[in-house]
Amino acid sequence: GSTRRGGAGGVGQGPMGALVAGGASGLGAALVRALVARGDQVLIADLSEPAEGVPADFVRLDVRSAEDWDAAREWVEQHWGGLDLLINNAGVGGGGRIDVTSLDEWQWITETHLFGVARGGREFVPMMKAQRSGHIVNVASLAGFVHPAGMASYNAVKAGVVALTETLGHELAQWRIKATVVCPSFFKTNLVDSMRSSDPVAGKVVGALVERSATTADQIAAAVLAGVERGDQVIFPDPASQAAIELKRTDAASYDAVMRHQARRLEEAAGG
């Protein structure tokens, strides 16, 4: 029988059943901790098993695999009978200059970030429509709105996730299903570990941004859940992301100058 307890009220209406794709490490693990701490039931769906002692269930999920998504949905149907919260958080590091990055790398990051989110939505939207409730949270990036040089493929797929999420919000409102996109700046995480790029300066750029950040995954997770409870459609969960988006909105000339200065520095670092 169903043990799902969120019901049609959804987020903020008591304990929920939540699936966190990419929930074994980084921001995903922080979101799992935060959900468990407030009493929710959590299913971690990841390529890697979570650390021992995490009070959550686990299914193996490669977000590029339709079969893995089917298996995750079947687990949810069997154990909970429905799903309150789907968090599409699985991600990898990538990017590089347009004339250096290979199209294979473009394919890989698109399959993971954009198609992975689309597959998750396709898998669970029918269930949420049937129950006339649910909330889909897609973790994009500040890169979905702010587009630094040397990160074309990453910027493009994250912008795609932003557009996809807004579209889902419009499509699914009549079924009382919400959609939220999360757009953090760089923070302390293991993103660089999954970095794949034929551009030698791309990893250095991302690594330096991650290392410089004072924001932790747990701080991002807390801001995400607060935004989800408010029903925010877009969440900029940290001061750096809020400042960057404000600059782009209010002073386009300064924003362009900052981005082009960064682009020149990138070329200098590459010996160009």
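This short report looks at V234 and the strands around it in a predicted model.

Let's start with the residue itself. V234 belongs to strand 7, which covers residues 234-235. Its relative accessible area is 36%, and because that value lies between the 20% limit for buried and the 50% limit for exposed, V234 counts as partly exposed. Leaving aside residues up to four places away in sequence, V234 is in contact with F145, V181 and C183. There is also a link across the chain: T180 lies 54 residues from V234 in sequence, yet their C-alpha atoms are 5.7 Å apart.

Now to the neighbouring strand. How many residues of strand 6 are buried? Strand 6 spans residues 177-182, and five of its six residues are buried. Strand 6 pairs with strand 5 (residues 134-139) in the parallel sense, and strand 6 also runs parallel to strand 7. The table sets out these two pairings.

| Strand pair | Sense | Bridges |
|---|---|---|
| Strand 5 and strand 6 | parallel | six bridges |
| Strand 6 and strand 7 | parallel | two bridges |

V182 of strand 6 appears in both pairings. On the strand 5 side, V182 is the bridge partner of V139; in strand 7, the residue opposite V182 is I235.

Finally, here is how the chain gets from strand 5 to strand 6. Helix 4, residues 152-172, joins with these two strands to form a β-α-β unit, and this unit is right-handed.

How values were computed:
Residues numbered from 1 in each chain as written. Predicted model: local features only at pLDDT ≥ 70, side-chain atom pairs only at ≥ 80, totals over all residues. Heavy atoms only, no water. Helix = DSSP H or I, 4+ residues; strand = E, 2+ residues; numbered from the N terminus. Buried < 20%, exposed > 50% of the residue type's maximum accessible area, 1.4 Å probe, protein only. Contact = heavy atoms within 4.5 Å. Pairing = 2+ DSSP bridges. Right-handed = clockwise from strand over helix to strand, strands pointing away.
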